[in-house]
Structure formats: structure tokens, C-alpha cells
Number of protein chains: 2
Amino acid sequence: MDLVLSPYAESDLPDFAPVFRAIVAAGETYAYPESLSDDDIQRLWWEREPGRTVVARGRDGRFLGSAKMGPNRPGRGAHIGTASFMVAPDARGSGVGRRLLDEVIDWHRRAGFAGIPFNAVVETNVAAVRLWQSAGFTIIGTVPGAFDSATHGPVGLHVMFLPLG
Amino acid sequence: MDLVLSPYAESDLPDFAPVFRAIVAAGETYAYPESLSDDDIQRLWWEREPGRTVVARGRDGRFLGSAKMGPNRPGRGAHIGTASFMVAPDARGSGVGRRLLDEVIDWHRRAGFAGIPFNAVVETNVAAVRLWQSAGFTIIGTVPGAFDSATHGPVGLHVMFLPLG
């Protein structure tokens with residue numbers, strides 16, 4: 001898909017907030033609260049330095065998705081990064097997630113991070129698990145029943161990891 | 001050890017903040033920033049409802065340690081808990097950690113949580129790993145090199161888990 005990546009800006013919020021709410025309400029991939037205000041959503045998603053949030057849009061300006069990235073932990077854990085992704089439901093299966101993932105991995109390499117854990121990948125989110133695996137991530141372990149999936153009930157959360165360097 | 005557990009109160013801060021700073025500065029167990037103000041430390045450690053923070057003191061009032069506990073994630077992850085522990089360096093090896101752990105497990109059971117993950121247990125913190133294992137926690141997986149230990153360099157962070165119910 002022909003898309004343009006740019007840093008997240010406040011003007012992205014009207015497009016991003018409904019996508020965030022739709023994904024959280026679907027109850028299959030993210031353990032965020034359901035009743036966040038637009039400001040809450042922006043605060044949660046917009047990573048400032050040393051982190052970063054990017055937005056993907058089509059050439060026509062259509063909002064396609066977003067990824068946020070940054071240190072996994074402060075202090076003695078800050079040499080390891082992490083990231084989260086949201087792809088607009090009507091843009092799924094068109095390579096947006098892959099493009100955002102490539103950008104996230106490149107950014108971590110450029111910034112000198114030693115690796116990228118994804119701390120909570122819902123095991124029934126098979127498309128995401130396969131995408132991360134295709135980029136070299138492996139499943140480090142699975143916390144059983146830690147996510148209450150809307151359709152599957154309690155399912156595991158994978159910790160996945162990609163070493164860099 | 002003869003100790004008394006009570007809910008964390010603002011009056012605990014002058015005793016807790018130096019312990020927090022000493023543990024973080026030692027660089028062996030926690031990836032918190034090193035230059036936090038007293039207010040930052042209290043904000044980070046004092047879990048309000050639906051979470052909880054407890055303080056352990058000797059019968060003479062001496063500060064021995066503290067534990068914080070609460071939902072591991074919001075929304076569809078809130079049926080799973082988690083906790084963090086700090087024992088005063090001069091109270092180590094006297095059973096304070098064990099007492100705090102028992103309290104944390106009891107609290108999770110009473111509150112109906114389905115399990116307790118510890119998300120980032122430094123693998124070289126052998127005393128803690130053994131204590132958690134003695135209570136039934138198992139190592140789910142280890143993110144390699146994710147903690148920059150002051151004496152060992154990059155070491156792994158275990159995800160440990162105790163199912164309840």
C-alpha cells in the first residue's frame with residue numbers, strides 16, 4: 001500500500017481516537033480502559049522524547065494506523081525498547097502493520113536499543129503473532145489467562161522478543 | 001520477625017523514600033529512574049483503590065519494608081494482579097519479604113484475582129527468585145539482557161507467575 005509515515009501531531013487525534021476506541025471496544029487485542037476521553041487517549045499514545053509516535057496515512061490523507069515506541073523501562077531498563085500498534089479496522093490486511101513494524105525496528109536500531117520486547121501480545125491475535133514472528137520475534141513465554149478476550153474468554157499474553165545489535 | 005503491617009500513609013514517606021533511593025541506587029533489582037523527588041516516589045509507590053500499598057514496621061516502629069499491589073493491566077487485563085516489594089537493606093534476611101509476599105498473595109485471593117505475574121524479576125536477584133518460587137511462582141520466560149545490573153552488566157528479566165483460584 002502506498003502510504004506516508006509522519007510524526008504524530010495533535011491534528012491526528014480526531015482520526016486516531018475513534019480507531020483507538022473501536023479496537024479497544026472489540027476486546028481482542030488491548031487491555032486499555034474503555035471509557036477514555038480524547039485527551040486520555042492522546043496522553044497514553046503520544047510518546048515524547050526519548051520515545052516517538054508515528055502515523056500512517058494514505059496519499060489521499062486517509063488515516064491508516066499508528067505506532068508508538070520508546071524505552072521499555074526507565075533507568076537500568078532503558079537500553080531495551082518496546083512498541084504498540086493500532087491499524088484502522090478498514091485498513092487491515094493491506095500491509096500497514098508491516099510498514100509500521102519495519103519503521104519501529106529501524107527506529108530502535110538507529111537509536112541503539114539492544115532489543116525489543118512486546119510485553120503483552122494476545123495469543124489469539126494470530127495475525128499479529130505471525131507478523132512479529134516473520135520479522136524475527138520469538139515467543140519468550142506466555143502468561144496464561146491474562147487477557148479476557150471478548151470472544152474467547154481468558155487467553156494468554158505472549159511476551160515476544162527481538163534481539164538487536 | 002515480629003512485625004506489624006499497615007496501609008501506606010503519607011507519614012511513611014520520610015522512612016520509605018531513603019529505602020527506595022538506596023535500592024534503586026544499588027542497581028541490582030529495579031529499573032526506576034535515579035533522581036526522583038519524594039513526591040515522585042510516593043506517586044509511583046502508593047497504589048490507590050483498586051490497588052493497595054502496605055508498610056511493614058517492627059513493634060518499635062522501625063521501617064522494615066513495603067509492598068504495592070493491584071491490577072496488572074486495566075480493562076481486559078484487570079482480573080490479573082501484580083506487586084512490587086522493597087525491604088530496607090538493614091532488614092534483609094529476617095523474613096520481611098516473606099511476610100509481605102504472604103500478605104500480597106492473601107490480598108489477591110480475597111480480591112478474586114485469577115493469578116499474579118511478576119513482570120520483571122532480575123535473574124541475578126537469586127534471593128527474590130527463590131522466595132517467589134517457594135510460594136509457587138514459576139518462571140514463564142526471561143527477556144535476555146533487559147536489565148543493566150550494576151555488578152553483572154546486562155542480565156535477564158524473568159516473568160514469573162502464580163495461578164490462583
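**Close-ups of a predicted two-chain model**

**View 1. The β6–β7 pairing in chain B.** Over eight bridges, β6(B) and β7(B) pair up in the antiparallel sense. Pairing here asks for at least two DSSP bridges between two strands; strands are DSSP runs of E with at least two residues, helices are runs of H or I with at least four, and both are numbered from the N terminus. Look for Val143(B), which sits opposite Leu157(B) of β7(B). This is a predicted model, where local features need pLDDT of at least 70 and side-chain atom pairs count only at pLDDT 80 or more, while totals for chains, interfaces and linings use all residues. Residues are numbered from 1 along each chain as its sequence is written, with chains lettered from A and ligands numbered from 1 in the order in which they are written.

**View 2. The open sheet of chain B and its helix.** Three strands line up as β5-β7-β6 in an open, antiparallel sheet. β5 and β6 of chain B are the edge strands with a single partner each, so one side of each has no neighbour in the sheet. Ignoring direction, neighbouring strands are turned by 20 degrees against each other on average. Helix α4 (residues 126–134) of chain B packs on the sheet, touching β5 and β7, and its direction makes about 165 degrees with that of β5(B). Angles run from 0 to 180 degrees between N-to-C directions, using axes fitted to C-alpha atoms (for helices, over the stretch in contact).

**View 3. Where chain B meets chain A.** On the chain B side, 29 residues are in contact with 30 residues of chain A; contact means C-beta atoms, placed from the backbone, within 7 Å. β5 (115–122), β6 (138–149) and β7 (153–163) of chain B each chip in at least two residues to that side, and β6(B) gives the most, with nine. Since 100% of the interface residues of chain B are also interface residues in chain A, the copies meet through the same surface.

**View 4. The axis relating the copies.** A turn of 180 degrees and a shift of 0.0 Å along the axis lay chain B on chain A with an RMSD of 0.0 Å. The two copies are thus related as by a two-fold rotation axis. The superposition is by least squares on C-alpha atoms of residues with pLDDT of at least 70 in both copies. In chain B, the C-alpha nearest the axis belongs to Gly141(B), 2.2 Å away from it.

Note on methods. Contact = placed C-beta atoms within 7 Å.
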